[in-house]
Every structure is written in C-alpha cells, then in structure tokens.
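Grab a pencil and work through these exercises with the model open beside you. Each task comes with a solution that goes step by step.

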Amino acid sequence: MRQNIKPTAMELLEWDFVKCRSRLLEIAAFIDRIDRFGGSEEARKDFRYRAIFQALGIISSGKQNRVREILLLLSDPTLQPLEDVLPLEIAQGAWRNVPGDH
C-alpha cells in the first residue's frame, strides 16, 4: 500500500476479496445446513433466519450505509434493559420483531 495515500477501490477489492468470499461461503453453508436438518421448515420461520435474508437484501440493494441498515435491522430498538426481558445467558443476535414479522 502506498504510504499516506488512501487506497483505491480496486486495491481494496484485491486485498479483501478472498476474506469476503470466505464469509459469503460461511453464510451459504450455514443456510444449507439449516435446510438439510430436521425442523428446517420451523427454522425458516424464525426471526433470525429471516433476518439473514433481509440483511442479504440490504447488501445487494446498492444503497449506501449498508452496515448501518443491517445494524438497525438486527438491533433492539426498545429502551427496556435486556435483563428485564430475557435471562442473561440467552443471546438472540437479532431483534425478534424484524420488519415483516406478523
């Protein structure tokens, strides 16, 4: 990398593509495993499973601020402390009421 000069978009692509490719393959493998295991129909209805696909939609939208949008999608917007709602040992990783929930 050139010293004290911001990298170009092509340089970023060249440096980080393999790492990004690996993460995409991890996501695809995770979804494939869910689809192969028993109870996959129930799992596909789960808010976390749906949040993955909503996040992928945000990624492919072409809009700016994708990280912000995904963080907002997965974050709990309420002001109530989590320990009042769930036992401390349970981590959800996604907001249960993702857009599109009924």
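**Exercise 1. Work out the order of the elements along the chain, starting from the N terminus.**

Step 1. Reading from the N terminus, the elements go α-α-α-α. Helices here are DSSP runs of H or I with at least four residues, strands are runs of E with at least two, and numbering starts from the N terminus.

Step 2. Tallied up, that's four helices and zero strands.

Step 3. Before going on, note that this is a predicted model, where local features need pLDDT of at least 70, side-chain atom pairs count only at pLDDT 80 or more, and totals for chains, interfaces and linings use all residues. Residues are numbered from 1 along each chain as its sequence is written, and side-chain values use heavy atoms, with hydrogens and water left out.

Step 4. Of the 102 residues in the chain, 14% are buried. Buried means under 20% relative accessible area, exposed means over 50%, and partly exposed is in between (1.4 Å probe, protein chains only).

Step 5. Now for contacts, meaning heavy atoms within 4.5 Å. Among those with a separation of 6 or more, 33% join residues 24 or more positions apart.

**Exercise 2. Describe how helix 1 and helix 3 cross, and say which residues meet.**

Step 1. Two packed helices are described by the angle between their axes and the distance between the axes.

Step 2. The axes of helix 1 and helix 3 (residues 47-60) come within 12 Å, crossing at roughly 145°. Axes are lines fitted to C-alpha atoms, for helices over the stretch in contact, and angles run from 0 to 180 degrees between N-to-C directions.

Step 3. The handedness of this crossing is left-handed: the near helix is turned anticlockwise from the far one by less than a right angle (clockwise would make it right-handed).

Step 4. On the helix 1 side you'll find Ile 27, Phe 30, Ile 31, Ile 34 and Asp 35, and they meet Tyr 49, Ile 52, Phe 53 and Leu 56 of helix 3. Sorted by class, the contact has eight nonpolar, no polar and one charged residues. For the sorting, Ala, Val, Leu, Ile, Met, Phe, Trp, Tyr, Cys and Pro count as nonpolar, Asp, Glu, Lys and Arg as charged, and the others, Gly among them, as polar.

Step 5. Zoom in on Ile 27: it counts as partly exposed because its relative accessibility is 33%. Its C-alpha atom is 9.9 Å from that of Leu 56, which is 29 residues away along the chain.

**Exercise 3. How many salt bridges does the structure hold, and how are some of them built?**

Step 1. Side chains of opposite charge can pair when their charged atoms come close. The cut-off for a salt bridge is a side-chain nitrogen of Lys or Arg within 4 Å of a carboxyl oxygen of Asp or Glu.

Step 2. The total is four.

Step 3. One of them joins Lys 19 to Asp 16, with the closest N and O atoms 3.8 Å apart. Both partners sit in helix 1, three residues apart, or about one turn of the helix.

Step 4. Another pairs Arg 44 with Asp 35 at 3.0 Å, N to O. Arg 44 is partly exposed at 34% relative accessibility, and Asp 35 is partly exposed at 31%.

Step 5. Arg 48 and Asp 46 also pair up, at 2.8 Å from N to O. Arg 48 is partly exposed at 37%, as is Asp 46 at 22%.

**Exercise 4. Is Ser 40 buried or exposed, and why?**

Step 1. Ser 40 belongs to helix 2 (residues 40-45).

Step 2. Its relative accessible area is 11%, so Ser 40 is buried.

Step 3. Set aside neighbours within four places in sequence, and Ser 40 touches Ile 34 and Asp 35.

**Exercise 5. What is the phi of Asn 65, and where is Asn 65 found?**

Step 1. Most residues other than glycine have a negative phi.

Step 2. Asn 65 isn't a glycine, yet its phi is positive, about 60°.

Step 3. You'll find Asn 65 in the loop between helix 3 and helix 4. Asn 65 is exposed because its relative accessible area is 54%.
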